[in-house]
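Subject: Structure handover and findings

Dear colleague,

Please find the structure below, together with its sequence. My findings follow directly after it.

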Number of protein chains: 2
Amino acid sequence: MPSVTVDGKRLWERLMLLSRHGARTDGGVDRQALSDAEIAARAELAGWARAAGLSPFTDHAANLFLRLEGTEPGLPPVLAGSHIDSQPTGGKFDGALGVLAALEAVESIKAAGPTPRRSIEVVAWMNEEGSRFAPGMMGSAVYSGARKLSDIMQVTDPGGKRAGEEIARVLKADRDIPKRPLGRPATAYIEIHIEQGPILEREGKTIGIVTGIQGKRTFRVTVTGEENHAGTSPRAARKDALAAAVAIIKALQDAFWDKDDIIRFTIGRMIVEPNAPSVVPAKAEFSIDLRHPEAEELCRLGDLIEPLAQANRGPCDVGVRQLLHDPPLTFPVEIRDMLSAVAAKMGYSAMPIASGAGHDARYLHYFCPTGMIFAPCEAGISHHPAESIAPSDATAATNVLAEALLRLASSL
Amino acid sequence: MPSVTVDGKRLWERLMLLSRHGARTDGGVDRQALSDAEIAARAELAGWARAAGLSPFTDHAANLFLRLEGTEPGLPPVLAGSHIDSQPTGGKFDGALGVLAALEAVESIKAAGPTPRRSIEVVAWMNEEGSRFAPGMMGSAVYSGARKLSDIMQVTDPGGKRAGEEIARVLKADRDIPKRPLGRPATAYIEIHIEQGPILEREGKTIGIVTGIQGKRTFRVTVTGEENHAGTSPRAARKDALAAAVAIIKALQDAFWDKDDIIRFTIGRMIVEPNAPSVVPAKAEFSIDLRHPEAEELCRLGDLIEPLAQANRGPCDVGVRQLLHDPPLTFPVEIRDMLSAVAAKMGYSAMPIASGAGHDARYLHYFCPTGMIFAPCEAGISHHPAESIAPSDATAATNVLAEALLRLASSL
């Protein structure tokens, strides 16, 4: 079996260089999907890839691939990557680590030689975060066939720009990057990601072998009341949409309170109209993000939302719309065992860990054998300018990835 | 005692003509303070006044006066009016009725002759609504000395424009309207306004003799938590600013629930940050509008807010800032009795009524003897495109105003 060791210093330098695109003054990164900052980051990635002898490609969803051609180019490639878009108040590592670790792994494999049998492709999926165009994981969803390209093209950002226009703009900005079809078969997909939680750090482990991704349902609740004057309308005559929203949220909080703290229930977004201090709100719209590792429990909990909203709407009207229902998933044991074996061989401490967050690996899971490696992140902080990881942990995860990719690319 | 009857048809026509400035497609009016629409409305008002033999004046706060010169011009004038700015989703009558009724009354008085002893001035106070530059009642507050001109000049609208710049723009657009000093003494001030509540309609009364204005305290509550990932952060580790805001609002709702439905408690505005569906909110800021007709009770209730916010903030931080504390006020009995006597003499059904909303009369009350007349409005609806009044009710209130102004202007 061939072996490979990555260049941790080069990986770290590239993480810092990439973070300049969309850099915030507070040390964080704001690199929205399909933005100018992302265009610049793509160009830098493609430049590094070409210098390393890899070939950049893209597709109609503006996913970016950096390919190391194998000795049998006709075989489905091994994929590894993540995304390079960020939350508006994001950090330097969420997504970027997975892409740059894959680039580092492939570059090290190429340098170590000999050329593996199967091609290996680094991939940066388009719009994982979904903060500009919701919901996220657009590129991986379209690539894997879970969503239609024509659907995502119509999604608009808060400024009214269509994703389709912005994809066209990004593809036009790409210099000499050929387009290939969506959904080309793959041998496997491996994604490194920061844990975005405190467990690896707490347990003192270097490598997280991800067991699966918890299930997620999202909803939009729209409460419609009636605008009225704050000084003249008695409480009994009001249809106060915000008051009804508060009652509904309180009822949901009570219903979703679990002693073991397994349920993840978040109201992250609320919009009030007309949102004026002296006007009784006519409308309150809020998001629900509900997650659970067990499929049945996720169904049961999510199905409580509509009846609880109706029971607590007071004099207002309420509508509940489910936007997404992704059941929990478990990555194939073969991939997990292989990653564990590689980590053990290299002497890294490792542990199985469940993913609370969704990742592009969610969609790839239904497309080809998929696995994930988590790297510890400081105090579990992510989606925040303070997001931080230890360079040695990044190197360790990348070493495991490189060895795993080499094994997958060498497989028969 | 001289007598006068107004022209209800002319009044109604002018109400419809004025509503073209800032007309919404839904029949409502969006005429923001110091906007182009308001500039056009001022020009039309000044034109009507000049045609009727009145002289327009303004001041450094862009209040607009239309003066009927009395036989003894040195005496403090009698003032009557309201405002011509509107809420963004306003109707045709809130404010406009008070100004156009005063114009109609004065024009009728002049036409009926003889010229009264004291001058009478129609006034349109600058920025009553406070929807563009907050808080409202700016023109009457500055005129009466409750606020400093230099303070209001610095207030900015949501687009960052300073009120001072916009006042200068409006004054520049005025054609041949001389400026006079702020705070010139007045004999009395009478304001007609739509009730903005359902009581007169319900009681079948034509004229409301306003007893006073309930007290009002406003607050801004800022809850600061910590941004976190909706999928990975356990409830116990969260500092969820929206969850804390909901707990605080619930506690306030419970504390301010009164069987008799006298307390007016409104959360009209809420801003969540970063306001993303999959991010635990780091910040939630909301407004409180609290009103009560009794000074002591208003103090007691408002003073509960800070301790209740602190007791229910959970793991978050909370700050409570009072923006305004206007105690309740009672208009002088002499003015109320005079208005009642005029209504009775004219055969209109009338009743005393408390004002739930604030009006420019609030500030004039501390400046000169002040009173208000309420006109019924359909279903109590105001601050809404559907705001509606009966032409006969508008005429009745204006007849009472004309007679009252004539009495005040004829007084020794």
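I begin with a helix cap. B:D240 caps the N-terminal end of helix 8 of chain B, placing a side-chain oxygen 3.0 Å from the backbone nitrogen of B:L242. Please bear in mind throughout that this is a predicted model.

Helix 8 of chain B itself comprises 15 residues. From first C-alpha to last, helix 8 of chain B reaches 21 Å, close to the 21 Å expected at 1.5 Å a residue. Its buried residues are B:A241, B:L242, B:A244, B:A245, B:V246, B:I248, B:I249, B:A251 and B:L252. B:L242, whose backbone nitrogen faces the cap, is thus among the buried residues of helix 8 of chain B.

The interface between the chains

The contact draws 49 residues from chain B and 49 residues from chain A. Between chain B and chain A, about 4,300 Å² is buried, and carbon and sulfur atoms give 50% of that area. Across this interface the rule finds 20 residue pairs in polar contact, with both residues at pLDDT 80 or more. On the side of chain B that touches chain A, the elements giving two or more residues are helix 8 (241-255), strand 9 (264-266), strand 10 (270-273), strand 11 (279-280) and strand 12 (283-292) of chain B. Helix 8 of chain B gives the most to that side, namely six residues. Sorted by class, the side of chain B that touches chain A holds 20 nonpolar, 18 polar and 11 charged residues.

The rule also finds three salt bridges across the interface of chain B and chain A. One of these pairs B:R235 with A:D258, the closest N and O atoms being 3.0 Å apart. The pair joins two chains, because B:R235 lies in the loop between strand 8 (228-229) and helix 8 of chain B, while A:D258 lies in the loop between helix 8 (241-255) and strand 9 (264-266) of chain A. As for exposure, B:R235 is partly exposed at 30% relative accessibility, whereas A:D258 is buried, with a relative accessible area of 14%.

Salt bridges within chain A

Over all chains, the count by this rule comes to 62 salt bridges. Two within chain A merit description.

A:R117 forms a salt bridge with A:E72, the closest N and O atoms being 2.9 Å apart. This pair links distant parts of the chain, 45 residues apart: A:R117 sits in the loop between helix 3 (96-112) and strand 4 (120-125) of chain A, and A:E72 in the loop between strand 2 (64-68) and strand 3 (78-83) of chain A. A:R117 counts as partly exposed at 22% relative accessibility, and A:E72 is partly exposed as well, with a relative accessible area of 34%.

The side chains of A:E166 and A:R169 also meet in a salt bridge, at 3.2 Å from N to O. These residues are separated by about one helical turn, because they are three residues apart in helix 6 (residues 163-173) of chain A. An α-helix has 3.6 residues a turn, so residues three or four places apart point the same way. A:E166 is buried, with a relative accessible area of 5%, while A:R169 is partly exposed, with a relative accessible area of 33%. A:E166 and A:R169 further belong to a network of salt bridges that also links A:D36, A:R132 and A:D157.

Yours sincerely

Terms used: Residues are numbered from 1 along each chain as its sequence is written. Chains are lettered from A and ligands numbered from 1 in the order in which they are written. This is a predicted model: local features need pLDDT of at least 70, side-chain atom pairs count only at pLDDT 80 or more; totals for chains, interfaces and linings use all residues. Side-chain values use heavy atoms; hydrogens and water are left out. Contact means heavy atoms within 4.5 Å. Buried area is the accessible area (1.4 Å probe) that two parts lose on being put together, summed over both. A salt bridge is a side-chain nitrogen of Lys or Arg within 4 Å of a carboxyl oxygen of Asp or Glu. A polar contact is a pair of N or O atoms within 3.5 Å; within protein, one must be able to donate a hydrogen and the other to accept it, and residues adjacent in sequence count only if both atoms are side-chain atoms. Helices (H or I, at least four residues) and strands (E, at least two) are DSSP runs, numbered from the N terminus. Ala, Val, Leu, Ile, Met, Phe, Trp, Tyr, Cys and Pro count as nonpolar, Asp, Glu, Lys and Arg as charged, and the others, Gly among them, as polar. The expected span of a helix is 1.5 Å times one less than its number of residues. Buried means under 20% relative accessible area, exposed over 50%, partly exposed in between (1.4 Å probe, protein chains only).
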